[in-house]
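Let's take a friendly walk through this chain, with an eye on helix packing and the nonpolar interior. Please have the sequence and the 3D view at hand.

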Amino acid sequence: MMGKDALIASGLWESYSNKVRERMNNPRHFGTFSEDDARKENLTLVDVVHGSEACGDAIELFLLIDPKSHIIRKARFKSFGCGTAIAAADMMAELCAGKSVDAALKITNLEVERALRDDPAVPAVPGQKMHCSVMAYDVIKKAVADYKKVDIREFEEKAIICHCARVTRKQIEDAILSKGLTTVERIMEETGAGTYCGSCVRPGGHEEKNVYLVDILDEVLKKKQAKDREIIRPECVPFAKLTIPLKLKSIESALDQHVRPSLAADGGGVDVMDIRDNTIFIAYSGHCAGCAGAQQGTLGFIREVLKEKVDPSIEVETFKA
Ligand code: FES
């Protein structure tokens, strides 16, 4: 366990909220319940232990549950973990008391962390210690699985890639595609994944993962490039011989990938208005529409992109109604 002195020495102590510090030293729900305690109150005892291989820490959670309403009446815990794990388990015990087992299952480590903040805008624990709060979340799943007599895998969210920020693979893939992200740093900014302990960013972090942000980025970009090549030059047919719908598809694809993201960043856009032979007629929208100087530069840029990505014979002109 990382003691207070070690935290002070490492400079981390100041990064904890007062609530976390208080609960590290004086947890309110530390303790146990026995079968006798449960019998006296006609409640069901759940007693489970969950450990984190990465931290070498463990939490034992004791719940007294009303078997008729499935409401958690009381919760206590014992922890063999670090201060953050103790504070998180203490808050988790507090938050789940009074809730049904199904509602308790929905409490995430993010909610626990938020409940431990002094100031709603300032994180309660340093980012690198966020993974310690995940253990408190995992132990609840184990307790509910034990109470319901089901396999814990029923509650596992396999799609979660970043457990600290609870970001799924789909959220990451969607962000890469919709915002044209090409670096893990941008994924972190846009989704929050990887911004706490950093274990999910690339191999070599605090905790080993099955898949990392770098893997997902690589996979999505490769798939996208393969798809783009397919759309931009269908079967390598020269542009002049394509049908109008295929011409439009290949132009739109090139604009989506190589032009629109940078125009959108300045609040502008571009639309294809007409295609005659190899000449593409375009119209600007948003901020681009009102700026004659920028239009000339943009026109040249679009022409270069379409020549390079679709066909060298392409010409681009602005549309005049
Ligand atoms: S798992 Fe900790 S930041 Fe992603």
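The report below goes from the overall chain to one helix pair and then to the cores.

## The chain as a whole

This is a predicted model. The chain holds 13 helices and eight strands, and 33% of its 321 residues are buried. Counting contacts with a separation of 6 or more, 55% are between residues 24 or more positions apart.

## Helices H4 and H7

Take a look at H4 (residues 83-96) and H7 (residues 131-148): these helices pack at an angle of about 40 degrees, and their axes are 8 Å apart. The crossing of H4 past H7 is right-handed.

On the H4 side, the contact is made by Thr84, Ala85, Ala88, Ala89, Met92 and Cys96. H7 contributes Cys132, Ser133, Met135, Ala136 and Ile140. Nine of the contact residues are nonpolar, two are polar and none is charged.

## The cores

The largest nonpolar core has 59 residues. Those with the most contacts inside this core are Leu63, Ala85, Ala88, Ala89, Met92, Ala136 and Ala193. H7 supplies the largest share, with 10 residues. Where does this core lie with respect to domain 1 and domain 2? Both domain 1 (4-150) and domain 2 (167-228) give residues to this core, so it lies between them.

Ala89 is worth a closer view: leaving aside residues up to four places away in sequence, Ala89 touches Ile59, Phe77, Ser79 and Ala136. Apart from the largest core lies another, of 16 residues, including Phe239, Ala254, Ile282 and Val316.

How values were computed. Residues numbered from 1 in each chain as written. Predicted model: local features only at pLDDT ≥ 70, side-chain atom pairs only at ≥ 80, totals over all residues. Axes fitted to C-alpha atoms, helices over the stretch in contact; angles between N-to-C directions. Helix = DSSP H or I, 4+ residues; strand = E, 2+ residues; numbered from the N terminus. Left-handed = near helix turned anticlockwise from the far one by under 90°. Contact = placed C-beta atoms within 7 Å. Nonpolar A, V, L, I, M, F, W, Y, C, P; charged D, E, K, R; others polar. Core = buried A, V, L, I, M, F, W, Y, C linked by C-beta atoms within 7 Å. Buried ≥ 20, exposed ≤ 12 C-beta atoms within 10 Å, placed from the backbone. Domains from an automatic or database assignment.
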